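Dear colleague,

I am handing over the structure below, together with some notes on what I found in it. Please read the notes with the coordinates open beside you.

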Amino acid sequence: MTEASSETTGTEDLAAAALRGEQDLLDPRVRGDAERMVALLHPEFREFGRSGRVWDTNALLSDLRAGSDYPFERARLSEPVTEVLGPDAVLLTYLLHDTDGVTRRSSIWRRTPDGVRLYFHQGTRASL
């Protein structure tokens, strides 16, 4: 896992850290390690899943501990686009390809004293 550094100051570095963080969250080894997951998630993290379900950090970690069968080992991220929202926030959008099809994904990553962390994420089924 590549950790996003709290020393990241430029907007280009912020965007790169967000993309690295997103890729890390797709790694099954990271998803299986609660400490690594917490290090990537903002304390106020929220997610609206493609199913419509809402997660916060506790719900996500609980789901992972219960053995969520989401096939991240076969997930592939494509067409990433980053847009800087301010000096400490970036929007990342991309397509996620997995065994269930394709979803459009959007994430807001924020710089914190502890590094660049995922603040908000949404997945929406795509029909391409």
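**Sheet, hairpin and a buried serine**

Strand 1, which covers residues 41-48, runs parallel to strand 6, residues 115-125, and four bridges join the two. Please keep in mind throughout that this is a predicted model. Two of the facing positions may help you to find the register between these strands: L41 stands opposite L118 of strand 6, and F48 stands opposite Q122 of strand 6.

Strand 1 is also joined to strand 2, residues 54-56, in this case by three bridges and with the two strands running antiparallel. Within that pairing, R46 has D56 of strand 2 as its bridge partner. Strand 1 and strand 2 together form a hairpin, with five residues lying between them, and in the turn G52 has a positive phi of about 100°.

These pairings belong to an open sheet of six strands, whose order is 2-1-6-5-4-3 and whose pairing is mixed. Strand 2 and strand 3 (76-86) are the edge strands, each of them pairing on one side only. From one strand to the next, the twist averages 15°. Helix 4, made up of residues 57-65, packs on this sheet and touches both strand 1 and strand 2, and its direction makes about 95° with that of strand 2. As general background, the strands of a sheet pair through backbone hydrogen bonds, and they do so either parallel or antiparallel.

The other position that I would ask you to look at is S107, which is found in strand 5, residues 101-112. Is S107 buried or exposed? Its relative accessibility is 1%, and because buried means under 20%, S107 counts as buried.

Which side chains make polar contacts with the side chain of S107? One is the side chain of E22, joined to that of S107 by a polar contact of 2.7 Å, and another is the side chain of H121, where the polar contact with the side chain of S107 is 2.6 Å. Leaving aside residues up to four places away in sequence, S107 touches E22, V90, L91, L92, Y94, L118, F120 and H121. Among these neighbours is L118, the residue of strand 6 that stands opposite L41, so you may wish to view the two places together.

With best wishes

Definitions and conventions: Residues are numbered from 1 along each chain as its sequence is written. This is a predicted model: local features need pLDDT of at least 70, side-chain atom pairs count only at pLDDT 80 or more; totals for chains, interfaces and linings use all residues. Side-chain values use heavy atoms; hydrogens and water are left out. Two strands pair if DSSP finds at least two bridges between them. Buried means under 20% relative accessible area, exposed over 50%, partly exposed in between (1.4 Å probe, protein chains only). A polar contact is a pair of N or O atoms within 3.5 Å; within protein, one must be able to donate a hydrogen and the other to accept it, and residues adjacent in sequence count only if both atoms are side-chain atoms. Contact means heavy atoms within 4.5 Å. Axes are lines fitted to C-alpha atoms, for helices over the stretch in contact, and angles run from 0 to 180 degrees between N-to-C directions.
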